[in-house]
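Please open the model in your viewer and keep the sequence panel at hand. The tour moves from one selection to the next, with a short account of what is found at each stop.

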Amino acid sequence: MTAPWHSAALALGDDALVLSHRLGEWAGRAPVLEEEVALANIALDLLGQARILLSLVGDEDELAYLRDERSFRNLHLVEQPGGDFAHTIARQLYFSTYQRFLYERLASSDSEFTALAAKAVKEVAYHQDHAEHWTLRLGDGTAESHERMRRACEALWTFTAEMFQPVEGLDAVDFPALEERWLDSVASVLERATLTVPDGPRSRAWTAGAGRQGLHTEPFGRMLAEMQHLHRSHPGASW
Amino acid sequence: MSNQGDWPLWEVFVRSRRGLSHTHAGSLHAPDAEMALRNARDLYTRRNEGVSIWVVESAAITATSPDEKDPFFAPAADKPYRHPTFYEIPEGVKHL
């Protein structure tokens with residue numbers, strides 16, 4: 001458990017696991033059937049990434065279902081509740097753009113993550129495409145969809161600086177350069193969607209980097225309770 | 001689900017392998033053609049079924065009606081000379 005790349009596998013694995021669960025919460029509740037399938041597919045892609053990453057560190061089930069809140073290393077962005085559909089799309093835009101650039105970098109450098117990243121980057125490129133198309137349609141849609149998308153982009157903006165805090169074990173990644181690329185890409189999508197880049201702070205005083213230290217926001221505890229209760233109530237159960 | 005009725009219906013055609021024709025796979029709702037392609041990808045090609053997808057708005061398709069079935073199709077049935085059934089197909093030839 002001590003190699004630096006273990007911390008990185010845990011951080012990236014927890015991001016994928018937690019976002020996968022949040023997206024899975026749309027099952028049965030998505031605005032339309034087709035979109036429910038799309039979100040579930042993205043959730044399953046992320047779950048597959050999480051399984052590989054967590055298995056690098058230890059037993060995937062133990063790590064997912066038996067760790068306490070303070071042991072999770074995911075970003076605050078991915079643990080936020082779904083909100084309305086615009087919130088989910090804004091989060092997908094912010095996170096998939098980050099994940100795509102990060103995995104592209106990892107795929108082209110030699111590390112424990114090269115093979116995983118090379119495979120995942122194709123999945124993530126689709127997630128980004130999906131988020132981008134919806135951002136354009138909601139932002140440049142009706143007055144109400146524009147307003148909701150604007151609110152969502154602003155509400156989640158405060159969680160976006162944390163993504164670019166250097167992660168232990170990912171020394172090959174130039175996070176400031178990643179951040180610059182991310183800002184350019186997101187700004188270009190928002191502009192095409194007739195939205196403006198939020199001008200609020202991209203982190204709060206105590207939150208930047210806190211997720212990677214195991215300090216989480218309040219909704220995360222409830223999410224974890226729901227995610228883990230079955231395994232904890234019936235250890236080792238199978239069907 | 002209240003708004004789904006506003007979205008047009010699209011028919012999806014998937015080419016499963018190079019060299020084969022696109023085959024009708026099903027239909028779905030989407031706000032526009034670009035989103036219809038993406039929905040089709042998620043609904044019909046998740047298990048390696050496709051190399052190419054076409055979508056077309058269902059309203060753009062002109063179809064025969066069941067009432068016209070006889071005039072359209074019946075005359076073909078009793079003319080066996082129209083069917084190439086007298087040839088033997090060599091072993092190994094597929095997709096005929």
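In which sense do strand S1 and S3(B) pair, and over how many bridges? Before answering, bear in mind that this is a predicted model. Select residues 9–15 of chain B, which make up strand S1, together with S3(B), and you will find that the two pair in the antiparallel sense over six bridges.

**The sheet of chain B**

Now widen the selection to the whole sheet, which is open and consists of three strands in the order S2-S1-S3 of chain B, with antiparallel pairing. Its edges are strand S2 (23–29) and strand S3 (52–57) of chain B, each of which pairs on one side only, and the twist from one strand to the next averages 25 degrees. For a single pair of facing residues, pick B:Trp10, which stands opposite B:Glu57 in S3(B). Adding H1(B) to the view shows a helix that packs on the sheet and touches S1, S2 and S3 of chain B, its direction making about 125 degrees with that of S3(B).

**B:Val12**

Next, centre on B:Val12, which is found in strand S1 of chain B. Is this residue buried or exposed? B:Val12 counts as buried because it has 25 C-beta neighbours inside 10 Å, the cut-off for burial being 20 or more. Leaving aside its neighbours within four places in sequence, B:Val12 is in contact with B:Ala25, B:Gly26, B:Ser27, B:Leu28, B:Ala40, B:Tyr44, B:Ile53 and B:Val55. If you draw a distance from B:Val12 to B:His24, which is 12 residues away along the chain, the C-alpha atoms come out 5.9 Å apart.

**Where the chains meet**

Now show both chains and select the residues that join them: nine residues of chain A are in contact with 14 residues of chain B. On the side of chain A that touches chain B, H2 and H6 of chain A are the elements that give two or more residues, and H2(A) gives the most, with four. By class, this side of chain A has four nonpolar, three polar and two charged residues.

Then isolate helix H2 (residues 33–57) of chain A and helix H1 (residues 33–44) of chain B, which pack at an angle of about 65 degrees with their axes 9 Å apart. Their crossing is left-handed, and the contact is made by A:Glu34, A:Val37, A:Ala38 and A:Asn41 from H2(A) and by B:Asn39, B:Asp42 and B:Leu43 from H1(B). The residues of this contact divide into three nonpolar, two polar and two charged.

**The core and a residue of H8(A)**

Turn now to the largest nonpolar core, which has 59 residues, and in which A:Leu77, A:Ile89, A:Ala90, A:Tyr94, A:Cys153 and A:Leu156 touch the most other members. The largest share of this core, 12 residues, comes from H5(A). Select A:Ala90 and, setting aside neighbours within four places in sequence, you will find it in contact with A:Met149, A:Ala152, A:Cys153 and A:Leu156.

For the last stop, choose A:Leu178, which lies in helix H8 of chain A. A:Leu178 is classed as partly exposed because 18 other C-beta atoms lie within 10 Å. Not counting residues up to four places away in sequence, A:Leu178 touches A:Phe101, A:Leu102, A:Arg105, A:Phe164 and A:Val173.

Methods
Residues are numbered from 1 along each chain as its sequence is written. Chains are lettered from A and ligands numbered from 1 in the order in which they are written. This is a predicted model: local features need pLDDT of at least 70, side-chain atom pairs count only at pLDDT 80 or more; totals for chains, interfaces and linings use all residues. Axes are lines fitted to C-alpha atoms, for helices over the stretch in contact, and angles run from 0 to 180 degrees between N-to-C directions. A crossing is left-handed if the near helix is turned anticlockwise from the far one by less than a right angle, and right-handed if clockwise. Two residues are in contact if their C-beta atoms, placed from the backbone, lie within 7 Å. Ala, Val, Leu, Ile, Met, Phe, Trp, Tyr, Cys and Pro count as nonpolar, Asp, Glu, Lys and Arg as charged, and the others, Gly among them, as polar. A nonpolar core is a set of buried Ala, Val, Leu, Ile, Met, Phe, Trp, Tyr and Cys residues joined through C-beta atoms within 7 Å. A residue is buried if 20 or more other C-beta atoms lie within 10 Å of its own, exposed if 12 or fewer, and partly exposed in between; C-beta atoms are placed from the backbone. Two strands pair if DSSP finds at least two bridges between them.
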